[in-house]
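Got your viewer open and a cup of something nearby? Let's take a walk through this one together, one selection at a time.

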Amino acid sequence: MPGPSPGLCRASLGLWAALGLGLLGLSAVAQEPFWADLQPRVALVERGGSLWLNCSTNCPRPERGGLETSLRRNGTQRGLRWLARQLVDIREPETQPVCFFRCARRTLQARGLIRTFQRPDRVELVPLPAWQPVGENFTLSCRVPGAGPRGSLTLTLLRGAQELIRRSFAGEPPRARGAVLTATVLARREDHGANFSCRAELDLRPHGLGLFENSSAPRELRTFALSPDPPRLAAPRLLEVGSERPVSCTLDELFPASEAGVYLALGDHRLSPEITLEGDALVATATATANAEQEGARQLVCRVTLGGESRETRENVTVYSFPAPVLTLSEPSAPEGKVVTVTCAAGAGALVTLDGIPAEVPGQPAQLQLNATEDDDERSFFCDAVLEVAGETLSKNKSAELRVLYAPRLDDSDCPRSWTWPEGPEQTLRCEARGNPTPSVHCERPDSGAVLALGLLGPVTRALAGTYRCTAANVQGQAVKDVTLTVEYAPVLDSVGCPEHITWLEGTEVSLSCVAHGVPPPNVSCVRSGEARVLEGLLHVGREHAGTYRCEATNPQGSAAKNVAVTVEYGPSFEEPSCPSNWTWVEGSGQLFSCEVDGKPEPSVECIGSEGTSEGMLLPLASSDSNPRVPSISSDLAPGIYICNATNRHGSTVKAVAVSTESPPQMDESTCPSHQTWLEGAEAAALACDARGRPSPQVRCSREGVPRPQRLRVSREDAGTYHCLATNMHGTDTRTVTVGVEYRPVVAELAASPPGGVRPGGNFTLTCRAEAWPPAQISWRAPPGALNIGLSSNNSTLSVAGAMGSHGGEYECAATNAHGRHARRITVRVAGPWLWVAVGGAAGGAALLAAGAGLAFYVQSTACKKGEYNVQEAESSGEAVCLNGAGGGAGGGSGAEGGTEAAGTAEEQAGGEVFAIQLTSA
């Protein structure tokens, strides 16, 4: 009996090894210790928040288990070896939940730690004092109730964005909550208006949470500084009833001065001061006014208050009453010779003085009398009063003026009898009279009633010259005086006495006279420009006298000069250079005949045809105007003789002008066709291109790009673009001519595909390519009985699919255009061994097929070497292979030949191109 196979032995050993390892594994599990686990072990929860605790064990079958905690529970989930419980509304700062399981008579425990935190939601800064003196300390206190744990809390006191003090409470017990930070700060001037705040930061990032920040509302600090010195009060010692006097109160070293309050009062009457600030100084100004009830000694009080503190100053002021004295005249306006009484009086206790003469005792008036004369007019009287108040002597005065009424008086000193003034400068015309009331003075010319504007500053004009009667009058009488006014002025040359333009007629006698106006009368002289001789007497006028003359008038007041343009006029005359007797007009140039005629004023010219085709026709003339508006010359201006007539107001003259016409070169389609055709082989000739024009233009044509070589016959290389230029003395004209060369057709290529021949059932294609212009028409001739022949769209390709014996034979391709015909021929032969099968009969065919099948593998591998061809391979490759060597087939050699034919004729075939294919079975 054979033993166990080696494979079975190997399987048995593997089974025993697995059982051994399993027993070792069970032994290891039995010896592993069991434990309980609580996750998370340590947790930090926001006060009032919730937390899921997961209590688990590795005991395979715990008897029981649970989670001991004093916190509120919301839900519990259980498994065989785990317990999950949600704790909610956690508010205790610190608690320790216990996870326990009973396993194998042992209690497994895991203890956790849950702590709560509270964000710094309330950050409070204790209110600051309403006003804080500069240089004294004040307390900043910040409270953050409930926030914690305190060990993670940091408080910062800030002035604006500047940190004053920063304290971290790290190391505080975990259960500690809330914090207070207090600091003492010295008040400074720059702290006025500053905002103080407290920032609390609870940093729980080390516990996996974020940084919680909050700040208190800012509190503004107001600091002040008040000088210990009292204000300085500036006020009068005496104040008159009904008067107004300025008072001022000044205090330095005051900060902030704009916050200070000012109280300013006179007795019981409070004033309304205007406050002015200059740095740390305050100035209060007001106007003090006293009434009769306040008469006597009064106190002026100034009190400055800032930050709850004040500084005060008092001054004594005496209020008094002192009316001004009274000065009276018995008649303030008295007629000459009237007696006038003057009286000066004042209030009780005042001593008065009239024009230096005092009264006898205080309280009595002073008085004087006078007989009014002209010298007393506008006399002033002075009344002075003196009063003593509080040890000071006060004085007041009053004045009055006496007016004495008397008749007018016109003196030569105030109203001269003769005035002489130069024209132009402003003068004040004065004729003043003495008298009271002030007389009115009126001066007018007896002849015209013209009135002088007396007492007004104004320009002196020659129109004011003349004799005036001046009358002075008031209520006391009148006075009359004649005054002569003379106005001198420089010479004037106006257009009336000395015109700017003078016209003389050639051949007459004239004199150049120029009259000037002026006072005194001016002297006038005239000289020609560029000459020194003064023009005097009569002149016999010639054209040489035309020009500009300078006339000058002179008197003691000045001089005046004027240019006088003298124009000499004369009848018209023709000059050959300016109006030629022979003129040639060039057609299309737009040129006008220029005929300038000498004459003043400028003559009008008209030219009219007098004979032949030009008779009665108007010859347009070029205008000498800078902006001519003349008719254009038509393209058929008639040549001939034109009579030109020139006329002005001094006469007329005529001249005969012979006009001939010429034209620049012009080529168009009729003289130089833009498209011309030549025939290849024809005798070479120039382009048919002529031009019109007078004189006859010369025409030259050149080929664009490569120059045309000299040939006797036309070649197709002569085709291209030619540029023709026609030239005569009046210009040029160009034209572009395109030359095309036509030629007879030639069949350049006749080819068969496949090139080696065709077998029965195979495909072949004949391609015919011809060169001709215009393009040739392609036609084919096939062997009789050839069917299923396909032609391309332009007849250049003949195709046969499934060749038969009837497709063998001669094919002809012919190309024809207007200049002739050309044809080529090719022979196609269809041959193969299938004919042997038909002749041998069924027995021979069967034997042949059997032999062919036996030799199939050998034929397939050696066909290419022996020149034979497999039908299946030929069909797949699309190529024909010649048998028995290159180019030599059973059907003989191959070749092609063709010839040209004239239109409508045929050429006999000299030979043919034969394609033979030997078919072999597969």
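What follows is a tour with a handful of stops, and at each one I'll tell you what to select and what is there.

**Stop 1: colour by confidence**

Before anything else, keep in mind that this is a predicted model. Colour the chain by pLDDT: the average is 82, and 85% of the residues score at least 70.

Now select residues 1-31, where the pLDDT is below 50. Beyond near neighbours in sequence, that stretch has one contact in the model. Then jump to residues 833-922, where pLDDT also stays under 50. How many contacts beyond four places in sequence does the model have for residues 833-922? The count is 120.

**Stop 2: a little sheet**

Select β12, β20 and β24. These three strands form an open sheet in just that order, with mixed pairing. Which strands sit at the edges? They are β12 (132-133) and β24 (254-255), and each pairs on one side only.

Zoom in on β12 and β20 (residues 223-226): these two run in the parallel sense and pair over two bridges. To see one residue's bridge partner, click P133 and then look across to F224 in β20.

**Stop 3: charges over rings**

Show the side chains of R189 and F255. The charged end of R189 sits over the ring of F255, 4.3 Å from the ring's centre.

For another example, select K396 and F322. Here K396 lies over the face of F322, at 5.1 Å from the ring centre.

**Stop 4: rings that pair up**

Searching the whole structure turns up seven aromatic pairs. Let's visit two of them, starting with W583 and F593. Their ring centres are 5.2 Å apart and the planes meet at 50°, so this pair is tilted. In case you wonder about the word, planes under 30 degrees apart would count as stacked and over 60 as edge-to-face.

Where do the two residues sit? W583 is in strand β53 (residues 582-586), and F593 is in the loop between β53 and β54 (597-600), so the pair ties together parts that are 10 residues apart in sequence. Turn on the surface and ask: is F593 buried or exposed? F593 is buried, with a relative accessible area of 0%. W583 counts as buried too, at 9% relative accessibility.

Next, select W678 and Y722. These rings have their centres 6.3 Å apart and their planes at 55°, so again the pair is tilted. W678 belongs to strand β59 (residues 675-679) and Y722 to strand β62 (residues 720-728), so the pair ties together parts 44 residues apart in sequence. Both ends are tucked away: W678 counts as buried at 13% relative accessibility, and Y722 does at 3%.

**Stop 5: sulfur links**

Time to show the cysteines. A disulfide is a covalent bond between the sulfur atoms of two cysteines. The structure holds 14 of these links, and we'll look at three.

Begin with C443 and C470, whose sulfur atoms are 1.9 Å apart. This link is right-handed, with 120° about the S-S bond. It links distant parts of the chain: C443 is in strand β42 (residues 440-444) and C470 in strand β44 (residues 466-474), 27 residues apart. Both count as buried, C443 at 0% relative accessibility and C470 at 0%.

Now go to C498 and C514, joined by a disulfide with an S to S distance of 1.5 Å. Why is this disulfide called left-handed? The torsion about the S-S bond is about -95°, so the disulfide is left-handed. This time you are looking at loops: C498 lies between β45 (477-492) and β46 (501-505), while C514 lies between β47 (509-510) and β48 (517-519). C498 is buried at 1% relative accessible area, and C514 is buried at 12%.

Last selection: C579 and C595, with sulfur atoms 1.9 Å apart. The torsion here is about -90°, so this disulfide is left-handed. C579 sits in the loop between β52 (558-574) and β53, and C595 in the loop between β53 and β54, 16 residues apart. Keep F593 switched on as you look, since F593 is in the loop between β53 and β54 as well. C579 counts as buried at 0% relative accessibility, and C595 is buried with a relative accessible area of 9%.

Key: Residues numbered from 1 in each chain as written. Predicted model: local features only at pLDDT ≥ 70, side-chain atom pairs only at ≥ 80, totals over all residues. Heavy atoms only, no water. Phe/Tyr/Trp six-rings, centres within 6.5 Å; stacked < 30°, edge-to-face > 60°. Helix = DSSP H or I, 4+ residues; strand = E, 2+ residues; numbered from the N terminus. Buried < 20%, exposed > 50% of the residue type's maximum accessible area, 1.4 Å probe, protein only. Lys NZ or Arg CZ within 6 Å of the ring centre and 35° of its normal. Disulfide = S-S within 2.5 Å. pLDDT = per-residue confidence, 0-100. Contact = heavy atoms within 4.5 Å. Pairing = 2+ DSSP bridges.
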